[in-house]
Amino acid sequence: RCLTNRSSGKMGYALAEAARDRGARVVLVSAPGTLPKPVGVDMVNVGTAQEMYDAVKKAVAKADVLIMAAAVADYRPKKVSKSKIKRERASSLMLELEKTADILGEVKGKFLRVGFAAETENLLANAKGKLAKKRLDLIVANDITAKDSGIGADKNRVVIIDRKGKVEKLPLLPKREVSDRILDKIAQFLGKK
Ligand code: CTP
């Protein structure tokens, strides 16, 4: 039994493969999923938001770029039961949740920061807010209410916003192509294009 979301990891894996194909050394930090491990990338498997934070901290020590495409949990249960919670105990159950760390917002270091913004409303305004608050170089805004794109889908329709305020709206594209467009932007910022 778990509380989770429908994120498949497809966007993160597509980004990892696209970066690998451009010659980058890639560390892919991933929660459990059904996707096969991409060849030629270093994979770090994590089970919790805290484990992801620890793995990201370690990986960025040698990184030029951090791209956070993960749909990380914002809350976790405050109390963890060592034994099974029996159904006889009560007719309803309250789970108290506490905040997890904001990995992208808190991780320190000198590297290019790229985030995603999963939004159900006010796409551009909310994404711009996250770009500023998390001090990002780029943010990829994603309307997660659309059925044909975003969480779980093979395609994505995104808007890329950079730290200078430049906005680029992309059409519905396979996640691999979205990845290449994001990496083109990153290459520009790194001065490699
Ligand atoms: N993120 C993160 N750590 C978290 C939550 C999110 O690093 N605990 C990252 C995501 O990987 C993404 C960016 O922060 O790159 C924005 O995530 P999103 O879920 O859109 O927003 P939140 O910051 O969680 O804010 P809110 O849920 O209020 O929209």
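A polar contact is a pair of N or O atoms within 3.5 Å. Keep that cut-off in mind, everyone, and let's use it on this structure, which is a predicted model.

Let's start at the ligand. An oxygen atom of the ligand sits 2.9 Å from a polar backbone atom of F116, so that pair falls within the 3.5 Å cut-off. Which side chain puts an N or O atom 2.8 Å from an oxygen atom of the ligand? That one is K130. There is also a backbone atom to look at: an N or O atom in the backbone of I103 is 3.1 Å from a nitrogen atom of the ligand.

How much of the ligand does the protein bury? On its own, the ligand would expose 570 Å², and 77% of that is buried by the protein. Two elements each give two or more residues to the surrounding shell, namely α3, residues 103–106, and β6, residues 112–119. The largest share comes from β6, with 4 residues.

Now for the shell itself. There are 16 residues around the ligand, and the ones that come nearest are M68, A70, L104, K130 and K134. If you sort the shell by class, you get 10 nonpolar, 2 polar and 4 charged residues.

Since β6 gives the largest share of that shell, let's follow this strand into the rest of the fold. Is β6 mostly buried or exposed? Of its 8 residues, 7 are buried, so β6 is largely enclosed by the rest of the structure.

Who are the neighbours of β6? On one side we can name strand β3, residues 65–68, which pairs with β6 in the parallel sense over 4 bridges. Here M68 comes back into the story: M68 stands opposite G115 in β6. You may remember M68 from the residues that come nearest to the ligand.

Another partner of β6 is β7. These two strands run parallel and are joined by 6 bridges. If you would like to find the pairing on your screen, look for A117, whose bridge partner in β7 is A141. You can also look for G115, which stands opposite I139 in β7. So G115 is a handy landmark: it faces M68 and it faces I139.

How does the chain get from β6 to β7? Helix α4, residues 123–133, belongs with these two strands, and together β6, α4 and β7 make a right-handed β-α-β unit.

Let's stay with β7, which covers residues 138–143. Here 5 of the 6 residues are buried, so β7 too is largely enclosed by the rest of the structure. With strand β9, residues 158–162, β7 pairs in the antiparallel sense over 5 bridges. One pair to look for is L138, whose bridge partner in β9 is D162.

Two more residues before I finish. The first is N156, in strand β8, residues 155–156. Is N156 buried or exposed? Its relative accessible area is 1%, so N156 counts as buried, the cut-off being under 20%. The side chain of N156 makes a polar contact of 2.7 Å with the side chain of N142.

The other is K175, in helix α5, residues 175–190. K175 is buried as well, with a relative accessible area of 6%. How far is K175 from P38? In sequence they are 137 residues apart, while in space their C-alpha atoms are 15 Å apart.

That's my tour, and thanks for listening!

Terms used:
Residues numbered from 1 in each chain as written. Predicted model: local features only at pLDDT ≥ 70, side-chain atom pairs only at ≥ 80, totals over all residues. Heavy atoms only, no water. Near = heavy atom within 4 Å. Polar contact = N/O pair within 3.5 Å; in protein donor to acceptor, adjacent residues only side chain to side chain. Areas by Shrake-Rupley, 256 points an atom, 1.4 Å probe, with all protein chains shown as cover. Nonpolar A, V, L, I, M, F, W, Y, C, P; charged D, E, K, R; others polar. Buried < 20%, exposed > 50% of the residue type's maximum accessible area, 1.4 Å probe, protein only. Pairing = 2+ DSSP bridges. Right-handed = clockwise from strand over helix to strand, strands pointing away.
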